[in-house]
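Reader: I am new to this structure and would like to learn how its features are read. Could you take me through them slowly?

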Amino acid sequence: MEHFELAIIGAGPGGYVAAIRAAQLGINTVLIERDDIGGTCLNRGCIPTKTILHTAGLFSEISHAEALGIRIESAAVDFDALRMRTAEVRESLRDGVEALVAANGITLMRGTATVAGLDGITVSQPDGTIAEISADHLIIATGSAPAKPPIAGIGEDGVLTSDDMLETIPELKRLVIVGGGVIGMEFAGIYAALKTHVTVLEAAPRILPTMDREFGQSLAMLYRKRGCAIVANALVESIERAADGSLSVRYAVKNAAETVDADAVLVAAGRAPAFGGLFAEGFELELDRGRIAVDKRMQTSAEGIYAIGDVAAAGAQLAHAASAQGIVAVETIAGADVSFDPALVPSCVYSSPEIASVGMTEAEAKQAGIAARAGKFAMTGNGKSVITGQGRSFAKIVADESDRIIGAQLMCGRATDMIGELSLAVANGLTIEQMKSAIRPHPTFEEAIGEAFEAFAGGAIHAMPKPR
């Protein structure tokens, strides 16, 4: 039986980052992966989605180029070329990660792992052999898979998960999306830009129900103007094959029966942790609402065993959260006094305009008994936003009674690139005055952050004054 100081199961953005950090700290590490290295994010999530989104965004701009002074006689999306481009990006980044793993001297073991404890890790390898290993420490980073709610007809051909959509990138005239969360709304934006008629069915009273209320309200308004049908309070009851071969989705809104037809249905109802079959009979870990329970150092209920990423009950299921958790787990193993704070993880939606948030919303702060207030700037007064035609968007900062920054919500161009500045402010308890002291360049989207801070002091410069 081969022994390692650290075994990591799962080579996604949590697992491979943890493995590299461990190697940097001189920890002898084995990284076990049964599928493609890079996990969901690189192969079936973040990277392919944003590759397609980039093409869709360019196509949308070209379609409206005449208003910008450019006349283009015709433009069309070549789906075969788009599929090829997506595969090239994915493979290039995957090759890069594999090269990093090898260069850091990490043992990469292919196969499906089963855990009976630190002294009983077996790996069923592709050639049919079984490898037995032991480790001083174990990190579980097995990720998640698309959840499938109990809807009649969900097994019909053409009813797809996000994995299926990114594998095939279908060309569609009509798409119904079940779920108006982050995944659903990103695909809604992509396919609307590709001139597909999109219908979003969300069971909650609004889309993006776990985020700041204004995000959902503003995005719904913008997407409806772009031709999307967005239906809230929609309870999907069944999916059936219609006589013409299309799919018919039956749903109810306030007990009123409705039907919408589509060429395909995307079920975007969240993701479920993927650790089925991982634990040998007689071995188990404490769970928290279906995910593996962990403390702030990512330690599970079993000594020496850690869980990170989508499989762990530690906040949002996001790639950058998994990476941060992996580093915390490894540095804890190495003896450092570190911890993971889910409040510092930015949430991003790659819609148009982009959405990004960190920390508390004003409503959440007040519910927690914090005398919070917000500084807000509407992007109608931001030159870069007007130039690029971002539409309804804003920047909002939340501060407590001591003027410390406790949260921020951005809905604007490049929001996902700018949220890091505000994450730093929340992490370090920076104040309004400290953040105002920075001079931000013009013309940029980032100017809106400075304007939002100015709004605390009585008014942003490029906003109409409130009536006296």
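Author: Let us begin with a definition: a residue is called buried when its relative accessible area is under 20%, exposed when that area is over 50%, and partly exposed in between. Please keep in mind that this is a predicted model.

Reader: How, then, does Arg44 count at 22% relative accessibility?

Author: Because its relative accessibility is 22%, Arg44 counts as partly exposed. Its side chain meets that of Asp35 in a salt bridge, with 3.6 Å from N to O, and Asp35, at a relative accessible area of 38%, is partly exposed.

Reader: What should I understand by such a pairing, and how many salt bridges does a search of the whole structure find?

Author: In general, side chains of opposite charge can pair when their charged atoms come close. Here, the search of the whole structure finds 22 salt bridges. One of them joins Asp263 and Arg174, whose closest N and O atoms are 3.2 Å apart; this pair links distant parts of the chain, since Asp263 lies in the loop between strand 14 and strand 15 while Arg174 belongs to strand 9, 89 residues apart.

Reader: Which separation do Glu362 and Lys366 have in helix 9?

Author: Glu362 and Lys366 are 4 residues apart in helix 9, and therefore separated by about one helical turn. Their side chains meet in a salt bridge of 3.3 Å, N to O.

Reader: What span should helix 4 have?

Author: At 1.5 Å a residue, the 25 residues of helix 4 should span 36 Å, and its end C-alpha atoms are 36 Å apart, which agrees.

Technical notes: Residues numbered from 1 in each chain as written. Predicted model: local features only at pLDDT ≥ 70, side-chain atom pairs only at ≥ 80, totals over all residues. Heavy atoms only, no water. Helix = DSSP H or I, 4+ residues; strand = E, 2+ residues; numbered from the N terminus. Expected span 1.5 Å × (residues − 1). Salt bridge = Lys/Arg side-chain N within 4 Å of Asp/Glu carboxyl O. Buried < 20%, exposed > 50% of the residue type's maximum accessible area, 1.4 Å probe, protein only.
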